[in-house]
Amino acid sequence: MTAVKDALRRQQIETPSWAYGNSGTRFKVFAQQGVPRTPREKIADAAQVHRFTGVAPSVAVHIPWDTVDDYAELAAYAVDQGVRIGAVNTNVFQDDDYMLGSVTNPDPAIRRKALDHLLACVDIMDATGSRDLKLWFSDGTNYPGQDDIRTRQDRMEEALAAVYERLGDDQRFLLEYKLFEPAFYMTDLPDWGASYAHCLKLGPKAQVVVDTGHHAPGTNIEFIVAFLLREGRLGAFDFNSRFYADDDLMVGAADPFQLYRIMHEVLRGGGYDPATGVRFMLDQCHNIEPKIQGQIRSVLNVQEATAKALLIDTAALGEAQRTGDVLGANAVFMDAYNTDVRPLLAELREEMGLHADPVAAYKASGYYERVVGERKDGQAAGWGA
């Protein structure tokens, strides 16, 4: 059990700045009290998650949502709050110019605008000390014949190559994919295979990011994880949950067993070792639940799935697999999943000088009541609908 605790102490889960702002669906955003108004306030909220969980030491930022005049100062502020800036996320999907795509747009001037934004985000990485550039493209088409599929791949390849060339030796980009939405006929990066192919052509500084909500129903995500780890191309996760499509619900809310299966493959493939560079990030929109509590609960869900995966009797599992003992292997796998790891994690937190119940400790801290009073005026961060 000591080895399990030691492994859990090393866990690091990155939270996203946008999860602390007001968010919703295309139909409605429900505003909440105490929501951050500035990037600094988002970082302050993220620091609360780390304060009470002990395993969320970094916060991803999103440009232009987190634009500031001095990014080095923002990075220093994060350190003062006890966290650091993690991945820098790009945004080439909200401008009117991108209606027909960004880096795959038929208009070369719009493609140039999109590329300039991506390169500017690398400048921000230089200023903040961030290693990871997160790339997601909404580019695609809604109708057959709307644009040439092959040509759009050529444009994508050209843009990715330009970004790759700009990266420093200790930097990389994480290439996300998405099955559909907002493009409904064809998405230019629709699946892990397309992302992997582009990354493979470019080199080791191009890695795939797996968003757990970006797959067709029934997709075996743990297979994708195992494959990418085997090939050395899994760069990061965007953890969330889905019932129907890209729901961006709290990770583990819809299918905690899936999260457990994923973490088993991460451990089996060596992805839990920090040397592999695999980052565990949350990508969620808390539409109706309290923001900070939602992030804390999500971190706890990842911890629980990881703890269960660490408890698998790998020797017994391997023996059952080698001898073709189908039911025996499954029993070993299920025994670990059915173990209640909450007492173990509570004990671990107390050993780390933390409260056994992070949610209760946060609620008792008075932080929420304080920021509600401090943030009454001004414009809350988020987007309208």
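**Exercise 1. Strand β6 and its partners**

Find the residue of β6 that stands opposite L133, then place β6 between its neighbours in this predicted model.

*Solution.*
Step 1. L133 stands opposite F173 in β6.
Step 2. Look at the strands themselves. β4 covers residues 132-135 and is joined to β6 by four bridges. The two strands run parallel.
Step 3. Turn to β8, residues 206-211. β6 pairs with β8 over three bridges, again in the parallel sense.
Step 4. Name a contact on that side. L175 has V208 of β8 as its bridge partner.
Step 5. Sort the side chains of β6, residues 172-175. R172 and L174 point one way. F173 and L175 point the other way. In a regular strand, side chains alternate between the two faces of the sheet.
Step 6. Check burial. R172, F173, L174 and L175 are all buried.

**Exercise 2. A31**

Decide whether A31 is buried or exposed, and locate it in the chain.

*Solution.*
Step 1. A31 is found in the loop between β1 (13-16) and α2 (39-53).
Step 2. The relative accessibility of A31 is 67%. The cut-off for exposed is over 50%. A31 therefore counts as exposed.
Step 3. Relate A31 to E374. They are 343 residues apart along the chain, and their C-alpha atoms are separated by 16 Å.

**Exercise 3. Aromatic pairs**

State how many aromatic pairs the structure holds, then classify F180 with F184 and Y196 with F227.

*Solution.*
Step 1. The count is 20 aromatic pairs.
Step 2. For F180 and F184, the centres are 6.2 Å apart and the planes make 45°. This pair is tilted. F180 is partly exposed, at 33% relative accessible area.
Step 3. For Y196 and F227, the centres are 5.8 Å apart and the planes lie at 85°. Edge-to-face requires over 60 degrees, so the Y196 and F227 pair is edge-to-face.
Step 4. Place the two rings. Y196 lies in helix α6 (residues 192-202), and F227 lies in helix α7 (residues 221-230). The pair therefore ties together parts that are 31 residues apart in sequence.
Step 5. Compare accessibility. Y196 is buried at 12%, whereas F227 is partly exposed at 26%.
Step 6. Widen the view. Ring pairs link W192, Y196, F223 and F227 into a cluster.

**Exercise 4. Charges over rings**

Which rings do the charged ends of K205 and K308 sit over?

*Solution.*
Step 1. The charged end of K205 sits over the ring of Y164, 5.1 Å from the ring centre.
Step 2. The charged end of K308 sits over the ring of Y337, at 4.5 Å from the centre.

Conventions: Residues numbered from 1 in each chain as written. Predicted model: local features only at pLDDT ≥ 70, side-chain atom pairs only at ≥ 80, totals over all residues. Heavy atoms only, no water. Buried < 20%, exposed > 50% of the residue type's maximum accessible area, 1.4 Å probe, protein only. Pairing = 2+ DSSP bridges. Phe/Tyr/Trp six-rings, centres within 6.5 Å; stacked < 30°, edge-to-face > 60°. Lys NZ or Arg CZ within 6 Å of the ring centre and 35° of its normal.
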